[in-house]
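Please work through the exercises below with the sequence and the coordinates open side by side. Each task is followed by a solution that proceeds in steps.

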Amino acid sequence: RRARGCMTTRVLSDFAAYIATHKEEGAAAFIDVASMKATAVLNLGTPVKPGHSDNKAVLQLQQTAAYAALRAIAKGVPVSQTTAAEFLEDWGAMIKCSHDGATLELNKAIQAVRDITIEALRKLGNTEAQLSATRTAFESVQAKGAEQIPTLIEFYCEPYLGLQHRSFAMRLAILTTGDKPTITLRIVKDEEHQERMGEEFAGLIRSAVKDVPVAIGSYVAG
């Protein structure tokens, strides 16, 4: 009996090469979309002649730094104005901000996030609730200034090494329950993005190991 083990890599070509060299009858690959990990069981065998299932190759896709930063902040958890503004500054080359469909200059959007005050937001809220005929000149100024706050942030990046660049839209919301405003960012249609990336990952695996069946799911030896 051959020596068995598990080869782990982050490189698709190495994963495919190891499978080509070590696969046995009945070899199969399984893709865990949630963790973006592929596991090839190289000695799975057949129903008539089952293998030991102890020789495996694992490909774990690596998140890029940009995508990791996006996932860290866009969880719907309140963060400070400073944290949100610094995120926009740090990743500005990948970011596009807009307010109700109108594109904002990044530096102005960042400054607007830094300058948010509860007083101004409450004045704006009262203004929006009133009839336009009762608005004062001061309230109109507040509303005009608030329009510079980004309501949608688009983040364009390569999520995992080897996958295509994608545009992730985030909605920005402001909370005024505390002494200072806090900000939440949430990725729009996040589950759909995960599904699409999983499909892309599966396609790459199938193209790289054409002679080994590939299934979506996890394998656990019985």
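The exercises that follow concern a predicted model, and they go from the sheet and its helices to the core, the aromatic rings and some loop residues.

**Exercise 1. The open sheet**

Task: Establish the strand order of the open five-stranded sheet, and state which strands lie at its edges.

Solution. Step one is to follow the pairing from strand to strand, which gives the order β1-β4-β3-β2-β11 in an open sheet with mixed pairing. Step two is to look for strands that pair on one side only, and these edge strands are β1 (5-9) and β11 (214-216). Step three adds the twist, which averages 20 degrees from one strand to the next. Step four examines the contact between β2 and β11, two strands that run parallel and are joined by three bridges; in this pairing, Phe 30 has Ala 215 of β11 as its bridge partner.

**Exercise 2. Helices on the sheet**

Task: Determine which strands helix α1 touches, and which strands helix α7 lies across.

Solution. Begin with α1 (residues 12-22), which packs on the sheet by touching β1, β3 and β4, and whose direction makes about 165 degrees with that of β4. Continue with α7 (residues 190-208), which lies across β2, β3, β4 and β11 and runs at about 165 degrees to β11.

**Exercise 3. A residue within a strand**

Task: Decide whether Thr 39 is buried or exposed, and list its contacts beyond four places in sequence.

Solution. First locate Thr 39, which is found in strand β3. Next, compare its relative accessible area of 18% with the cut-off: because buried means under 20%, Thr 39 is classed as buried. Finally, leaving aside neighbours within four places in sequence, Thr 39 is in contact with Ala 28, Ala 29 and Phe 30, and also with Lys 56, Ala 57 and Val 58.

**Exercise 4. The nonpolar core and a one-sided helix**

Task: Find which residues of the largest nonpolar core touch the most other members, and describe how the buried residues of α3 are arranged.

Solution. The largest nonpolar core has 51 residues, among which Met 170 and Ile 205 touch the most other members. Helix α2 (residues 65-73) supplies the largest share of this core, namely five residues. For Ile 205, once residues up to four places away in sequence are set aside, the contacts are Leu 12, Phe 15, Ile 31, Ala 38, Leu 59 and Val 214.

Turning to α3 (residues 81-90), the residues Gln 81, Ala 84, Ala 85, Phe 87 and Leu 88 are buried. Because they cover an arc of only 155 degrees around the axis, they lie on the same side of α3.

**Exercise 5. A cluster of rings**

Task: Characterise the ring pairs that involve Tyr 67, giving the distance of the centres and the angle of the planes.

Solution. The structure holds four aromatic pairs. In one of these, the ring centres of Tyr 67 and Tyr 160 are 5.5 Å apart and the planes stand at 50 degrees, so the pair is tilted. This pair links distant parts of the chain, with Tyr 67 in helix α2 and Tyr 160 in the loop between β8 (152-157) and β9 (166-175), 93 residues apart. Tyr 67 is buried at a relative accessible area of 0%, and Tyr 160, at 7%, also counts as buried.

The pair of Tyr 67 and Phe 168 is likewise tilted, at 5.4 Å centre to centre and with 40 degrees between the planes. Here too distant parts of the chain are linked, since Phe 168 belongs to strand β9 and is 101 residues from Tyr 67. Phe 168 is buried as well, and the ring pairs join Tyr 67, Tyr 160 and Phe 168 into a cluster.

**Exercise 6. Loop residues**

Task: For Met 36 and Asp 100, state the phi value and decide whether each residue is buried or exposed.

Solution. Most residues other than glycine have a negative phi. Met 36, although not a glycine, has a positive phi of about 50 degrees; it sits in the loop between β2 (28-32) and β3 and counts as buried at 0% relative accessibility. Asp 100 also has a positive phi, near 50 degrees, and is found in the loop between β6 (95-99) and β7 (102-104), but Asp 100 is exposed, with a relative accessible area of 66%.

Notes: Residues are numbered from 1 along each chain as its sequence is written. This is a predicted model: local features need pLDDT of at least 70, side-chain atom pairs count only at pLDDT 80 or more; totals for chains, interfaces and linings use all residues. Side-chain values use heavy atoms; hydrogens and water are left out. Helices (H or I, at least four residues) and strands (E, at least two) are DSSP runs, numbered from the N terminus. Buried means under 20% relative accessible area, exposed over 50%, partly exposed in between (1.4 Å probe, protein chains only). The arc is that of the directions from the helix axis to the C-beta atoms. A nonpolar core is a set of buried Ala, Val, Leu, Ile, Met, Phe, Trp, Tyr and Cys residues joined through side-chain atoms within 4.5 Å. Contact means heavy atoms within 4.5 Å. Two strands pair if DSSP finds at least two bridges between them. Axes are lines fitted to C-alpha atoms, for helices over the stretch in contact, and angles run from 0 to 180 degrees between N-to-C directions. Rings of Phe, Tyr and Trp (its six-membered ring) pair if their centres lie within 6.5 Å; planes under 30 degrees apart count as stacked, over 60 as edge-to-face and the rest as tilted.
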